[in-house]
Amino acid sequence: MILSNLSYDDSWYPAALRRALDYVRRQDFSTMEAGDHPIEGDLMYAKVFDMTSEDLSSCKAEFHDRYLDVQYWVNGEELLGCSGRTGDEKIIESHPERDLYFCTVPEKETMIHVHGGDFVVFFPSDIHRPGGAWQGKRQSYRKVVVKVSVLLLGGK
């Protein structure tokens, strides 16, 4: 997992991550429609979400096998649960066609608080639980998730 801000230097990141972040920098997400937006075909695309945070206890833990998530907050704030995958996760719902697997909430979970301008990169080795309300205060916000195929980083 990487936690950073779009204003920080990313010149040392792998080329595919730099391209994803450059895409985010060049867009005006305030006018972009929610939904899917192609970048590099199936290898990289963006999903724009208008969300409302909720109590973290009602948020599902998830992971992906074929894509990294580059999650960027256009505005607002969110509380996320994060942990590494051990391989022993109990999958409670799976959507392989969408590379989306929900699992039980890991016993060891780190909370992170993100704001507009921040981004987090979740790798297939990470579990994340998005959508939490910071300090229990629900709010609406816009979030962009750039899906980056592991093939662009030399994965299988």
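# A tour from Gly131 outward

Start by selecting Gly131, which sits in strand E11. This is a predicted model. Gly131 counts as buried, at 5% relative accessibility. Now add Asp55 to the selection. The two residues are 76 apart along the chain, yet 8.1 Å separates their C-alpha atoms.

**Stop 1: strand E6 and its partners**

Stay with E11, residues 126-132, and bring in strand E6. The two run antiparallel and are joined by five bridges. To see one contact, pick Ser83; its bridge partner in E11 is Ile127.

Next, select strand E9, residues 110-115. E9 also runs antiparallel to E6, with six bridges between them. Here Gly81 is a good residue to click: its bridge partner in E9 is Met111.

How many of the eight residues of strand E6 are buried? Colour residues 77-84 and check. Six of the eight are buried, so E6 is largely enclosed by the rest of the structure.

**Stop 2: the six-stranded sheet**

Move to the open sheet of six strands. Its order is E1-E10-E5-E12-E3-E2, and the pairing is antiparallel. Which strands stand at the edges? They are E1 (2-5) and E2 (35-38). Each has a single partner strand, so one side of each is left without a neighbour in the sheet. Look across the strands: the twist averages 20° from one to the next.

Now select E3, residues 44-52, together with E12, residues 140-149. Nine bridges pair them in the antiparallel sense. Click Asp50, and then Arg142, its bridge partner in E12. While the side chains are showing, keep one general point in mind. In a regular strand the side chains alternate between the two faces of the sheet.

**Stop 3: the largest pocket**

Keep E3 on screen and show the pocket surfaces. The largest pocket holds about 470 Å³ of space. It is lined by 21 residues. Select Phe49, Glu62, Leu100, Phe102 and Pro130, which lie nearest the centre of this pocket.

Which strand gives the most to the lining of the largest pocket? E3 does, with five residues. E3, E5 (67-73), E8 (100-103), E11 and E12 each supply at least two residues of the lining. Colour the lining by residue class. It divides into eight nonpolar, five polar and eight charged residues.

**Stop 4: the second largest pocket**

The second largest pocket has a volume of about 170 Å³. Two residues from the first stop turn up here: Ser83 and Ile127 are among its lining residues. To outline the rest, select Gly84, Thr86, Asp88, Glu89, Lys90, Thr104, Val105, Pro106, Glu107, Lys108. By class, this lining divides into three nonpolar, four polar and five charged residues.

**Stop 5: aromatic pairs**

Show the aromatic side chains. The structure holds six aromatic pairs. Begin with Tyr13 and Phe119. Their ring centres are 6.3 Å apart and their planes stand at 85°, so the pair is edge-to-face. Tyr13 lies in the loop between E1 and helix H1 (15-26), while Phe119 is in strand E10 (residues 118-122), so the pair ties together parts that are 106 residues apart in sequence.

Are these two residues buried or exposed? Tyr13 is buried, with a relative accessible area of 4%. Phe119 counts as buried too, at 1% relative accessibility.

Now go to Phe63 and Tyr101. This aromatic pair is stacked, with 5.4 Å from centre to centre and 15° between the planes. The pair links distant parts of the chain: Phe63 is in strand E4 (residues 61-63) and Tyr101 in strand E8, 38 residues apart. Phe63 is buried, at a relative accessible area of 3%. Tyr101 is buried as well, at 12%.

Return to Tyr13 and Phe119 and add Trp12. Ring pairs link these three residues into a cluster.

**Stop 6: two residues with positive phi**

Finish with the backbone. Select Asp99, in the loop between strand E7 (91-95) and E8. Asp99 is not a glycine, but has a positive phi of about 50°. At 0% relative accessibility, Asp99 counts as buried.

Last, select Gln135, in the loop between E11 and E12. Its phi is near 55°, again positive in a residue other than glycine. Is Gln135 buried or exposed? Gln135 is exposed, with a relative accessible area of 57%.

Notes: Residues numbered from 1 in each chain as written. Predicted model: local features only at pLDDT ≥ 70, side-chain atom pairs only at ≥ 80, totals over all residues. Heavy atoms only, no water. Pairing = 2+ DSSP bridges. Helix = DSSP H or I, 4+ residues; strand = E, 2+ residues; numbered from the N terminus. Axes fitted to C-alpha atoms, helices over the stretch in contact; angles between N-to-C directions. Buried < 20%, exposed > 50% of the residue type's maximum accessible area, 1.4 Å probe, protein only. 1 Å grid on protein atoms, 1.4 Å probe; cavity = no way out; pocket = protein on both sides within 12 Å on 5 of 7 lines; lining within 4 Å. Points joined across faces, edges and corners; volume = space filled by probe spheres on them. Nonpolar A, V, L, I, M, F, W, Y, C, P; charged D, E, K, R; others polar. Phe/Tyr/Trp six-rings, centres within 6.5 Å; stacked < 30°, edge-to-face > 60°.
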